[in-house]
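These notebook entries record what I looked up in a predicted model. I worked outward from the sheet to the helices and then to the loops.

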Amino acid sequence: MSEVTEGYADALFGLAAAESQLEQVESELYVLARAVESSPELTDALSDPHLPSDRRQSLMSELLSVRAAPVTREAVSLLIRMNRLSDVVAIADRLAEKAALSRGRKIAEVRSAVALSPETIARLEEVLTKAVGHPVEVRAVVDPDVLGGVVARVGDLVVDGTVRSRMNQVRALLADV
């Protein structure tokens with residue numbers, strides 16, 4: 001992560017915490033980052049320096065809920081004005097890490113083909129907490145590249161319980177026969 005990205009995440013963390021909006025800003029920015037990450041067209045449009053800034057601002061306004069925290073709206077607006085929206089994924093991820101650490105937890109990103117229920121997320125938090133030996137917060141991401149099952153990442157630990165990985169394991173076993 002670049003120093004600039006780290007600086008944006010630090011500043012946003014401090015401002016959101018000071019405004020007592022840390023959890024809301026963290027959540028909104030994380031959701032926005034996942035939307036940007038999953039749509040190359042959106043990323044291109046929002047990062048296109050030839051597209052007028054006010055048009056990019058309008059696109060972001062459409063994406064952000066009217067209930068979005070003022071800190072979130074201003075942060076995204078600043079990223080657009082500074083032509084740094086391409087860094088929103090890294091900034092959102094770092095902000096989530098910093099916020100979780102402030103609560104004594106680590107982030108576990110869990111990708112699945114479908115949205116997970118709150119009960120499933122709670123169970124995953126319990127299982128992953130035991131696996132890593134430290135309390136975790138699950139950030140669920142719907143990923144169309146996941147055929148079924150889930151893949152979880154906590155720091156350097158990756159637990160791949162996807163259908164694709166199991167099929168690859170079966171293929172490897174059959175290749176040895």
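**Entry 1: the sheet**

I began at one end of a strand pairing, where Ser112 stands opposite Val150 in E3. I then took the neighbouring position and found Arg111 opposite Val151 in E3. Both positions belong to the pairing of strand E1 (residues 106-112) with strand E3 (residues 149-154), which is antiparallel and has 4 bridges.

I next looked up the pairing of E1 with E2. E1 and E2 run in the parallel sense, and 7 bridges join them. Lys106 has Val136 in E2 as its bridge partner. I noted the general background that strands of a sheet pair through backbone hydrogen bonds, in either the parallel or the antiparallel sense.

In what order do the strands of the sheet lie? I read the order as E2-E1-E3-E4, an open sheet of 4 strands with mixed pairing. Strand E2 (136-142) and strand E4 (157-162) are the edge strands, each pairing on one side only. From one strand to the next, the twist averages 15 degrees.

I also checked how E1 is covered. E1 is mostly covered, with 6 of its 7 residues buried.

**Entry 2: connection and helices across the sheet**

I followed the chain from E1 to E2. Together with helix H7 (residues 118-132), E1 and E2 make a β-α-β unit, and the unit is right-handed.

Which helix lies across E1 and E2? I found helix H2 (residues 22-38) there, running at about 35 degrees to E2. Across E3 and E4 I found helix H8 (residues 163-176), which runs at about 85 degrees to E4.

**Entry 3: helix H6**

I compared the span of H6 with expectation. At 1.5 Å a residue, its 15 residues should span 21 Å, and the end C-alpha atoms are 21 Å apart, so the two agree.

I then listed the buried positions of H6, among them Val88, Val89, Ile91, Leu95 and Lys98. Against what do the buried residues of H6 pack? Their partners are helix H1 (3-18), H2, helix H5 (70-81), E1 and E2.

Lys98 received a separate look. Lys98 lies in helix H6 (residues 88-102) and is one of the buried residues of that helix. The side chains of Lys98 and Asp10 are joined by a polar contact of 3.0 Å. Leaving aside residues up to four places away in sequence, Lys98 touches Ala9, Asp10 and Phe13.

Just after H6, I noted that Gly104 takes a positive phi of about 75 degrees.

**Entry 4: positive phi outside glycine**

I kept in mind that most residues other than glycine have a negative phi. I then looked up two residues with a positive value.

Ser20 is not a glycine, yet its phi is positive, about 55 degrees. Where is Ser20 found? I placed Ser20 in the loop between H1 and H2. Is Ser20 buried or exposed? Its relative accessible area is 69%; the cut-off for exposed is over 50%, so Ser20 is exposed.

Asn83 is a residue other than glycine as well, and its phi is near 55 degrees, a positive value. I located Asn83 in the loop between H5 and H6. The relative accessible area of Asn83 is 45%, so I entered Asn83 as partly exposed.

Definitions and conventions
Residues numbered from 1 in each chain as written. Predicted model: local features only at pLDDT ≥ 70, side-chain atom pairs only at ≥ 80, totals over all residues. Heavy atoms only, no water. Polar contact = N/O pair within 3.5 Å; in protein donor to acceptor, adjacent residues only side chain to side chain. Contact = heavy atoms within 4.5 Å. Pairing = 2+ DSSP bridges. Axes fitted to C-alpha atoms, helices over the stretch in contact; angles between N-to-C directions. Expected span 1.5 Å × (residues − 1). Buried < 20%, exposed > 50% of the residue type's maximum accessible area, 1.4 Å probe, protein only. Right-handed = clockwise from strand over helix to strand, strands pointing away.
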